Amino acid sequence: MSIHQVSKSSVLIAGAGIGGLAMALSLLRRGIDCDVFEQASELREVGAGLWVSMNGVRVLRDLGLTEQVEQNCIAAERRSIRLWNTGDRWPLYNRNSDAARNQPYLLLRAHLLKILVDGVRELKPGAIHLNARVVGFSQDDERVHAKLAGGSEVEGRALVGADGAHSKVRLGLIGNIESQYTKAIAWRGLVPVDALHSISANPRWQHGLGPPRMSRPTRSAGRTR
């Protein structure tokens, strides 16, 4: 669908990340028309691994994606915190003893994005518009006009800002808020399970805690796909 064919009753969503796509799929499943505007020229499979908590799994179940997620994930057996200097562990989740209905998952961000994209396009093939960066908006009591890079404009019933850290929608709503560097850095990487001789093959999520902050790079162990 061309941007110029977007219905004036559509909910406009800026950003085709996990948040924007989940919002689009939720709206479409409820019979509410929507269109997603993404500044990138293609939806690439990028990103690191994700821990999807039990609350997150409940949302994916509500979006009708349980089967697709289970085909691309590792079902976590355990989750624990480990102290850096003694190796002591504190369990946070155990599949064998936790009575929660929604078991947490480990999967790649790229896989989750693809699952959401496929879900949206199944319900509305032309819902995602690429090369369409929202750079501002104007509104009145009934309509909103999203301004796109290049000068075009799209009218809709509402505008959702899911356009990331440099959101133009947020800027238009509350003004410029200067970001503050937290000095927290996460290093990510993939290691073949066979190389981790001291770690059980059972998929688990482990946090290592140590000074000077109560967080260290997160490590997951389990099968590779």
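Okay, to kick off: how many residues lie between β10 and β11 in their hairpin? Four, and in that turn Gly150 has a positive phi of about 105 degrees. Keep in mind that this is a predicted model.

Let's stay with that hairpin for a moment. β10 covers residues 144-148, and its pairing with β11 is antiparallel, with four bridges. If you want a spot to look at, find Ala146, which sits opposite Val154 in β11. Now follow β11 itself, residues 153-156, and you'll see the side chains alternate. Val154 and Gly156 point to one face and are buried, while Glu153 and Glu155 point to the other face and are not buried.

Next, the inside. In soluble globular proteins, nonpolar side chains tend to be buried together. Here, the largest nonpolar core has 28 residues, and Ile13, Leu21, Cys34, Leu65, Val69, Leu116 and Val120 have the most contacts inside it. Several elements supply at least two residues each, including β1 (11-14), α1 (18-29) and α4 (109-123). Take Val120 as an example: leaving out residues up to four places away in sequence, Val120 touches Leu21, Ala24, Leu25, Leu28, Ala127 and Ile128. Apart from the 28-residue core there's another one, with 13 residues, among them Val6, Val134, Leu159 and Val169.

Last stop, the surface. Which residues form a nonpolar patch there? Leu173, Ile174 and Ile177 do, and together they have about 330 Å² of accessible area. You'll find Ile177 in the loop between α5 (168-174) and β13 (204-209). Ile177 counts as exposed because its relative accessible area is 53%, and the cut-off for exposed is over 50%.

Definitions and conventions: Residues are numbered from 1 along each chain as its sequence is written. This is a predicted model: local features need pLDDT of at least 70, side-chain atom pairs count only at pLDDT 80 or more; totals for chains, interfaces and linings use all residues. Side-chain values use heavy atoms; hydrogens and water are left out. Buried means under 20% relative accessible area, exposed over 50%, partly exposed in between (1.4 Å probe, protein chains only). Two strands pair if DSSP finds at least two bridges between them. A nonpolar core is a set of buried Ala, Val, Leu, Ile, Met, Phe, Trp, Tyr and Cys residues joined through side-chain atoms within 4.5 Å. Contact means heavy atoms within 4.5 Å. Patches are made of residues with over 30% relative accessible area and no salt bridge: like charges are joined within 9 Å, nonpolar side chains (Val, Leu, Ile, Met, Phe, Trp, Tyr) within 5 Å. Accessible areas come from the Shrake-Rupley method with a 1.4 Å probe; for residues, only the protein chains shown count as cover. A salt bridge is a side-chain nitrogen of Lys or Arg within 4 Å of a carboxyl oxygen of Asp or Glu.
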